[in-house]
Amino acid sequence: MKAAYITQTGPPENILYGEVPIPKLGPTQCLVKVGALAVNPVDTYIRGGMIPMALPTPFIVGCDLAGTVVEIGPEVTRFEPGDRVWGSNQGLLGRQGSFAEFCAIDECWLYPTPKGVSDEQSAAIALVGITAHLGLVRDADLQRGETIFVHGGSGGVGSTVVQMAKAIGARVIATAGSDSKAELCRRLGADFVVNYKTQDLETELKKIAPAGVNVWWETLREPNFDLAMGALAAGGRMIVMAELEVGRPFPVGPFYVKGCLLRGFVMFMATPDEQRDCAEEINRWLAEGKLKPTIDRVLPLSQAAPAHRLQEESTIGRSGVLTGKIVLKP
Ligand SMILES: NC(=O)c1ccc[n+]([C@@H]2O[C@H](COP(=O)([O-])OP(=O)(O)OC[C@H]3O[C@@H](n4cnc5c(N)ncnc54)[C@H](OP(=O)(O)O)[C@@H]3O)[C@@H](O)[C@H]2O)c1
């Protein structure tokens, strides 16, 4: 089969596209013929060696996928050949990745694809959807009627958080870096959008939410904790989930006086049961049309290396060139 893989960590050009053996099935695994997969920033960190992990050689990159089960191991109970599925959490903690024509995946990481939802859509929502759900429901306990601020509302994670927060019934404030991205955030359900390039965030937040925000969702790698603690309401919760590039001063005073909570997490450490809980609600929202993945472009799998370069330039280099996910098709 064709796959995008590396034999050693390094720049995007280390990704080779070529023939590798079709994986052998373990007893609890399904062999999935991949219809679509999506690129995530974490794929680029693992490929680049920024997150050191034991990797098989060759290592097929990628976390997300969607496709059709073609074969099952003897102990698989949830799926049958012919079932359409999506999943994430591949290419991590020693597992092979998803950027291939076929993947052998433990059934605990797979979910049924709802009718009417394409492989492109379900692959694009996989990792960001589970991340957004874990943070909003398990960790921030966002409630209907509360106000949430999403820093980075047009990104892969942020655009998903905006839609889920809306589906939960919250009032949503988001940032975007251009008029067209602000318009996208509004279409996704944001009640207020602040253009961080042309408006002063602190001033705007005071106008929009004078009593403070209940949840601050930070997607940036350089959080401004002073700004966040100033903007949180009493009992507010702040979610951090992007790697801090450098240490940041933390305003302990307002944090404890307002009784706030700071919660960090990484989706790939969540248990299969926790991730399945997220997937079930994601499927319901996808089927109801409340959740629509933001897809920037669809490319052939052979373009995995330039796709990694683009993702890196956008997320780490802040080129702003992407609006949402890059989807690849084998
Ligand atoms: N912990 C976890 O489990 C987990 C899961 C998924 C992702 N992550 C991490 O979360 C981060 C975001 O991921 P992603 O997929 O959403 O990345 P992304 O699609 O590249 O989005 C990045 C966002 O940051 C915004 N942004 C850039 N500079 C900004 C600034 N100065 N002020 C306000 N917004 C700014 C961009 O806005 P514009 O484009 O509008 O300028 C864009 O919306 C990454 O570091 C990723 O590794 C962690």
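This is a short tour of a predicted model, with a suggestion at each stop for what to select next.

**Stop 1: the ligand**

Start by selecting the ligand and showing what surrounds it. How many residues surround the ligand? You should find 24, and the closest are Ser154, Tyr196, Met241, Met267 and Thr315. If you have a pocket display, switch it on: the ligand takes up the space of the largest pocket.

Now color the helices. Three of them, α1 (41-48), α2 and α3 (156-168), each give at least two residues to the shell around the ligand.

Next, pick out a few polar atoms. On Tyr196, a polar side-chain atom sits 2.5 Å from an oxygen atom of the ligand. For Met267, look at the backbone instead: one of its polar atoms is 2.6 Å from an oxygen atom of the ligand. Then click Arg318, where a polar side-chain atom is 3.3 Å from a nitrogen atom of the ligand. As for how wrapped up the ligand is, on its own it has 930 Å² of accessible area, and the protein covers 88% of that.

**Stop 2: the start of helix α2**

Leave the ligand and move to charged side chains. Side chains of opposite charge can pair when their charged atoms come close. Across the whole structure, a search turns up 20 salt bridges.

Select Asp119 and Arg84 for one of them: their closest N and O atoms are 3.0 Å apart. What does this pair tie together? Asp119 belongs to helix α2 (residues 119-139) and Arg84 to strand β6 (residues 84-87), so the bridge joins parts that are 35 residues apart in sequence. Is Asp119 buried or exposed? Its relative accessibility is 15%, so Asp119 counts as buried, while Arg84, at 31%, is partly exposed.

Now select Glu120 together with Lys329. This is another salt bridge, with 2.8 Å between the closest N and O atoms. Follow the chain from one partner to the other: Glu120 is in helix α2 and Lys329 in strand β16 (residues 325-329), and 209 residues separate them. Lys329 has a relative accessibility of 30%, so this lysine counts as partly exposed.

**Stop 3: helix α4 and a network**

Head to helix α4 (residues 179-188) and select Arg186 and Glu183. They form a salt bridge too, with the closest N and O atoms 3.5 Å apart. The two residues are 3 apart in the helix, so about one helical turn separates them. Both ends are partly exposed: Arg186 has a relative accessibility of 42% and Glu183 has 37%.

Then select Glu13, Arg47, Arg309 and Glu312 in one go, and you will see a network linked by salt bridges.

**Stop 4: two exposed loop residues**

Which loop holds Pro74? Look between β5 (65-72) and β6. With 76% relative accessibility, Pro74 counts as exposed. Add Cys30 to your selection: Pro74 and Cys30 are 44 residues apart along the chain, with 9.6 Å between their C-alpha atoms.

Finish at Lys115, in the loop between β8 (110-112) and α2. Lys115 is exposed, at 83% relative accessible area. Select Ala287 as well and draw a line between the two C-alpha atoms: the line spans 7.3 Å, though Lys115 and Ala287 are 172 residues apart in sequence.

Note on methods: Residues are numbered from 1 along each chain as its sequence is written. This is a predicted model: local features need pLDDT of at least 70, side-chain atom pairs count only at pLDDT 80 or more; totals for chains, interfaces and linings use all residues. Side-chain values use heavy atoms; hydrogens and water are left out. A salt bridge is a side-chain nitrogen of Lys or Arg within 4 Å of a carboxyl oxygen of Asp or Glu. Helices (H or I, at least four residues) and strands (E, at least two) are DSSP runs, numbered from the N terminus. Buried means under 20% relative accessible area, exposed over 50%, partly exposed in between (1.4 Å probe, protein chains only). A residue is near a molecule or strand if one of its heavy atoms lies within 4 Å of it. A polar contact is a pair of N or O atoms within 3.5 Å; within protein, one must be able to donate a hydrogen and the other to accept it, and residues adjacent in sequence count only if both atoms are side-chain atoms. Accessible areas come from the Shrake-Rupley method with a 1.4 Å probe; for residues, only the protein chains shown count as cover. On a 1 Å grid over the protein atoms alone, a cavity is a set of points where a 1.4 Å probe fits but cannot get out, and a pocket is an open set with protein on both sides within 12 Å along at least five of seven lines; lining residues have an atom within 4 Å of a point. A molecule sits in a cavity or pocket if more than half of its atoms lie within 2 Å of its grid points.
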